[in-house]
Structure formats: C-alpha cells, structure tokens
Amino acid sequence: MAEEMLYWQALNRAMDIEMSEDESVFTLGEDVGLYGGSYRVTEGLYAKYGEWRVRDTPISEGGFTGVGVGAALVGTRPVVEIMTINFALLALDSIVNGAAKISFMSGGQFPMAIVVRTPSGVARQLGAQHAQRLEQMFMNVPGLRVAAPSTPQDAYWQLRQAIASNEPIILLEHELLYFTKGQVDIVAEPPPMHRAIVRRPGKDVTIIAYSRMALLAQEAATELAKEGIEAEVIDLRSLSPIDWDTCTASVNKTHRLLVVEEDCRFAGAGAEVAATLAERCFFSLNAPPQRVAGLDMPTPFNGALEAATIPRVPDIVEAARILCEPQKTQAAE
C-alpha cells in the first residue's frame with residue numbers, strides 16, 4: 001500500500017531497509033551520524049545501527065570516498081554521502097580512477113558495489129561554487145552508472161537498486177526535491193533502474209527531461225494542453241545508461257523533440273540526448289531537435305538573476321510552442 005512521503009523520507013526508508021537486511025551495507029560522510037545528514041536522509045540511522053555502520057567523517061571528500069572504494073574491494077556495500085556534488089570534484093580520483101576502473105582492470109575479480117549519493121542542482125542562492133550541475137562529467141566516465149530520481153517513489157526504488165548492484169553508481173538528488181511529496185509503495189515491483197518513464201502521453205512533441213526539470217516539463221505540458229498541443233513528457237531517470245528505446249519510440253511518434261535540462265547548454269547531458277536521437281530518428285523528425293538549458297555562466301547569487309539562468313516553465317512552453325508551430329500551420333492548411 002502506498003503512503004505519502006517526502007523525497008528525503010523515501011531515501012531514508014530505502015537506506016533503513018537495506019541496512020536492516022544486509023549487515024555489509026554501511027554509510028559514511030560528513031554529518032551523516034549524529035546530525036542525520038545535510039538533508040535528513042540518514043536521520044535516525046546512527047541511533048539504530050551505531051557508529052560502526054553510520055560513520056561521521058572529517059571534511060575530506062577524497063579521503064572518505066577512497067575509504068568507500070577500499071571497503072567495496074573487500075566485499076562490503078558502502079553508501080558514500082558527499083554533501084554537495086560540487087565537493088565531488090575533490091573525490092574525482094577515487095570515483096573516476098578507482099571506483100569506475102578497478103572492476104574492469106581486474107578482469108572482474110573485484111566487484112565495486114559502491115553508491116555515491118550527492119545533492120545536486122541549483123537550490124536557493126548558494127553561490128556559483130555550490131550550484132553546479134556536473135552530471136555530464138560523470139556521464140562521460142565509462143564504468144560509472146548515473147541515476148537521477150525525480151520523485152519520492154523513484155528515489156526509494158533507485159537507491160535500493162543502487163545498493164543491491166555490484167557496479168559503482170552515482171545517485172544525483174536535486175536539492176530542491178528533498179522536501180517534495182509523493183506516493184511511495186515500498187512493496188511495488190520497480191522498473192529497471194535505467195528505464196525511462198513516460199510521465200505524460202502526447203502526440204505533438206516529445207519533451208525529454210530528468211531530475212527536477214522532469215517535473216517542470218510536466219507543468220509545461222499541462223499549459224500546452226490548454227493550447228491544443230499534446231506534449232509527451234519522458235523522465236529519463238537514468239543518465240548512464242540512457243533508455244534510448246523509450247526515447248526513440250516517442251520521437252518516432254511525435255516527430256518533434258525538445259530536450260530540457262538544468263545544466264549548461266554547451267556540452268551538457270542534453271547535447272548527448274539531442275545528438276543521439278537526431279541520429280536514430282533523423283528521417284522521422286519534422287523539425288530540428290531543440291534544447292532548453294541553463295545559461296553557460298557561473299550561477300549568480302542574486303535570487304532574480306539565479307532564477308533567470310535556469311529553465312522555467314514558461315521557457316519550456318515557449319520552446320515547445322515554437323517547435324510545434326509549423327505543425328499547426330500545416331494542420332490549418
């Protein structure tokens with residue numbers, strides 16, 4: 001039976017269940033113990049499982065992520081919490097040269113069952129060094145999987161699937177989603193972690209997004225429907241690998257593609273999505289794929305300027321409207 005939860009509560013429930021079922025699962029990071037995590041995801045776990053399995057660490061992302069890689073090498077299942085994806089820059093050697101490579105370089109002798117959870121995205125006036133979207137950097141590393149749940153249900157499912165996996169997985173949790181609510185069914189059968197989901201069916205244009213932008217894309221689709229434009233919204237859920245089959249089927253149906261991302265437009269995740277689907281769906285497209293993305297600049301601290309650097313619902317509506325305009329003209333003729 002489903003129950004309403006906040007996003008962080010869904011992650012907390014997933015952690016609790018996995019830790020109760022498998023003693024090799026433990027978590028480590030800054031403030032994950034007594035404090036309960038920056039966004040309460042590890043709240044209550046320290047009291048329940050003790051300091052051996054819920055380990056507070058110094059402010060040393062490279063160090064404690066490296067400890068996680070070493071722990072995975074000896075057969076445990078560490079869940080590393082990095083306080084913000086911006087600090088993951090300090091742990092790149094452990095993630096890229098360690099977690100992503102060791103299983104391949106050892107001929108599969110060493111599984112790498114490590115999960116790195118980290119808040120990401122633009123929150124509220126945290127400044128340029130704390131408002132980066134670095135998903136494209138991890139997508140470009142062979143050997144890593146990258147998941148980006150947008151709902152409490154997906155957060156619950158994908159964290160549990162990540163902990164159970166023997167592959168290194170980065171779980172991107174948008175900072176503005178932690179206190180969003182949704183129904184979570186803890187016993188429902190989950191789809192594969194990399195499977196994209198059609199959040200809203202449509203026939204006129206395909207809007208592909210992920211993380212918080214998937215929610216904004218659904219709001220935009222509701223607005224577009226008032227104008228007679230039926231947008232199909234796809235939430236990628238996973239950025240590496242990407243479920244190309246679901247995306248291709250949709251674009252071949254609607255013949256128009258709009259990619260929405262919070263990351264910078266240049267060399268972002270959206271560029272990969274647009275390029276690959278242009279290759280796969282070229283002959284069925286009625287117009288060039290379009291992108292709505294963050295501006296190519298450091299995020300301003302000023303709230304109004306900050307909001308202007310990332311996509312908003314009206315931006316998505318306008319881009320989809322322009323993309324569909326030729327279709328409406330042809331229909332009138």
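This passage looks at one strand and its neighbours, and then at the enclosed cavities of the model.

The structure is a predicted model, in which local features need pLDDT of at least 70 and side-chain atom pairs count only at pLDDT 80 or more, while totals for chains, interfaces and linings use all residues. Residues are numbered from 1 along each chain as its sequence is written, and side-chain values use heavy atoms, with hydrogens and water left out.

A good place to start is strand β5, residues 115–120 (strands, E, of at least two residues and helices, H or I, of at least four are DSSP runs numbered from the N terminus). Six of its six residues are buried (under 20% relative accessible area with a 1.4 Å probe, protein chains only). In a regular strand, side chains alternate between the two faces of the sheet. Val115, Arg117 and Pro119 are buried on one side of β5, and Val116, Thr118 and Ser120 on the other.

Strands pair if DSSP finds at least two bridges between them. Strand β4 (residues 77–81) runs parallel to β5 and is joined to it by three bridges, with valine 79 opposite valine 115. Six bridges join β5 to β7, also in parallel; here threonine 118 has leucine 172 as its bridge partner.

Turning to the cavities, a cavity is a set of points on a 1 Å grid over the protein atoms alone where a 1.4 Å probe fits but cannot get out, and lining residues have an atom within 4 Å of a point. Three cavities of 30 Å³ or more are found. The largest has a volume of about 100 Å³ (the space filled by probe spheres set on the points, which are joined across faces, edges and corners). Its lining comprises 13 residues, with Glu135, His174, Tyr210, Ser211 and Glu262 nearest its centre. Strand β7 (169–174) is among the elements giving two or more residues to this lining, together with α8 (212–225) and β13 (257–264).

How values were computed: 1 Å grid on protein atoms, 1.4 Å probe; cavity = no way out; pocket = protein on both sides within 12 Å on 5 of 7 lines; lining within 4 Å. Buried < 20%, exposed > 50% of the residue type's maximum accessible area, 1.4 Å probe, protein only.
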